[in-house]
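The following exercises concern a two-chain structure. Each task is followed by a worked solution.

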2 protein chains.
Amino acid sequence: MPNPTAAMLVIGDEILSGRTHDANTYHLAGALSAAGIDLREARVVSDDSDAIIAAVQALSSAYDHVFTSGGIGPTHDDITADAVARAMGRSIDVREDARAILAAHYDKSGTELNEARLRMARIPEGATLIDNPVSAAPGFVIGNVHVMAGVPAIFRAMVASALPSLTGGAPLMSRGLDVYRGEGDVAAPLAELAARYPQLTFGSYPFQRDGVHGTNVLARGQDSAALDAALAEMSELFG
Amino acid sequence: MPNPTAAMLVIGDEILSGRTHDANTYHLAGALSAAGIDLREARVVSDDSDAIIAAVQALSSAYDHVFTSGGIGPTHDDITADAVARAMGRSIDVREDARAILAAHYDKSGTELNEARLRMARIPEGATLIDNPVSAAPGFVIGNVHVMAGVPAIFRAMVASALPSLTGGAPLMSRGLDVYRGEGDVAAPLAELAARYPQLTFGSYPFQRDGVHGTNVLARGQDSAALDAALAEMSELFG
């Protein structure tokens, strides 16, 4: 059975303006590979309701799971929860269970649960909350869309909260080696090898290290016996 | 006049599998902000012809410029040039000007211009070459699609080659400050400020530094007088 498929949707002007380097896609890609879920696409859109709605609808209908990052904080530009609710045809309002989580958290530190912070309890009708062990304000799952925070430490904690509930397939594994030849010399034997292992995918990635050029050749797939055999052949060919 | 718009398309299994952290989107975002071109969207797709074609067609019709990264090397999984040609309805073959560039480059190092390396001279009919001062193999522009290499040093060199030929608008500038308050305390006054500067966009980004929580508040826009005035107000409000 093929693995379930997934897409990542990063939401935030700060990524597109060049202020912030998105670290969440890289983290999710590694976590999904290990969980046996195939990340097929990632998108970044701005803090714009129409752009978020269009992307959520396109990705949630094309893939088994969608993971979003960003735009669920307390400020005026945090519009992800409302946009996702609209994209999925659900109503949204402050929900009592989410409000209670925030109230308990801010009580402890003597911080006021003001109107801005209460925005973080806006949860679409029918959504399941995602635990946030870092700063309490929950993410949520509605349909096949997992809505998570953009702050990397919180995003990672939410991925750890959400992933165990998903059924993955075989983990995506890789075997590879560094070859001190140009990619153009590796290409023909690698293509021939790839043709004989249709269950694997092969990639080659040029590098430069201490002034020496080389190529990292890599096989990826779910069949560990085939990966071991391919690595042995790569070592023979290029070692 | 509004600034021209742009999208980034990153092509490569190595990003979606979690092997490689994409650095090119961040670089392009900063370069486009400085050039007065608004990066509106970024996507990552795998080394799959149908996925590349669909993304190129969607982005090239929605935005003024598209920049792609990855998949133009010598190996069997480098299919970007052919996929972009199909997406744009052009034929593609080894082109003499590109072949001559490669031949001159490999002659110097005594490296064979073999069949694999010759793949890098496949250029769609009617495309303009983009100079690659790092490793010779050119990128190209076809229609509004700029096709560039994935290796970060080469991508950056190609962006530097390609950007001066594009007409940008006013650069996107930002002014901001770090506030040692929670984002929930900053939210209401920041929203009030944002409402009075409709020509700017405002963002807030929580941080934790040496165990202290704070919020980076930021205004972005093309109007430097408005940005200066907004920064003065932010300093007054939060300083």
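**Exercise 1.** Determine how many residues each chain gives to the contact between chain A and chain B, and characterise the side of chain B.

*Solution.* Step 1: two residues are in contact if their C-beta atoms, placed from the backbone, lie within 7 Å. By this criterion, 48 residues of chain B and 48 residues of chain A take part. Step 2: on the side of chain B, the elements giving two or more residues include helix H2 (24–35), strand S2 (38–45) and helix H8 (183–196). Helices and strands are DSSP runs (H or I, at least four residues; E, at least two), numbered from the N terminus. Step 3: by class, the chain B side has 20 nonpolar, 17 polar and eleven charged residues. Here Ala, Val, Leu, Ile, Met, Phe, Trp, Tyr, Cys and Pro count as nonpolar, Asp, Glu, Lys and Arg as charged, and the others, Gly among them, as polar.

The model is predicted: local features need pLDDT of at least 70, side-chain atom pairs count only at pLDDT 80 or more, and totals for chains, interfaces and linings use all residues. Residues are numbered from 1 along each chain as its sequence is written, while chains are lettered from A and ligands numbered from 1 in the order in which they are written.

**Exercise 2.** Identify how strand S2 of chain A pairs with S2(B).

*Solution.* Step 1: strands pair if DSSP finds at least two bridges between them. Step 2: S2 of chain A (residues 38–45) and S2(B) have five bridges, in the antiparallel sense. Step 3: Val45(A) has Glu41(B) as its bridge partner.

**Exercise 3.** State which operation superposes chain B on chain A.

*Solution.* Step 1: the fit is by least squares on the C-alpha atoms of residues with pLDDT of at least 70 in both copies. Step 2: the operation is a rotation of 180° with 0.0 Å of shift along its axis (RMSD 0.0 Å). This is therefore the relation of a two-fold axis. Step 3: within chain B, the C-alpha of Arg43(B) is nearest the axis, at 2.1 Å.

**Exercise 4.** Decide whether helix H4 of chain B is largely enclosed or open, and locate the contacts of Val84(B).

*Solution.* Step 1: a residue is buried if 20 or more other C-beta atoms, placed from the backbone, lie within 10 Å of its own. Step 2: six of the eight residues of H4(B) (80–87) are buried, so the helix is largely enclosed by the rest of the structure. Val84(B) is one of the buried residues. Step 3: leaving aside neighbours within four places in sequence, Val84(B) contacts Val56(B), Thr68(B), Pro124(B), Ile142(B), Val145(B) and Val147(B). Step 4: just after H4(B), Gly89(B) has a positive phi of about 70°.

Technical notes: A residue is buried if 20 or more other C-beta atoms lie within 10 Å of its own, exposed if 12 or fewer, and partly exposed in between; C-beta atoms are placed from the backbone.
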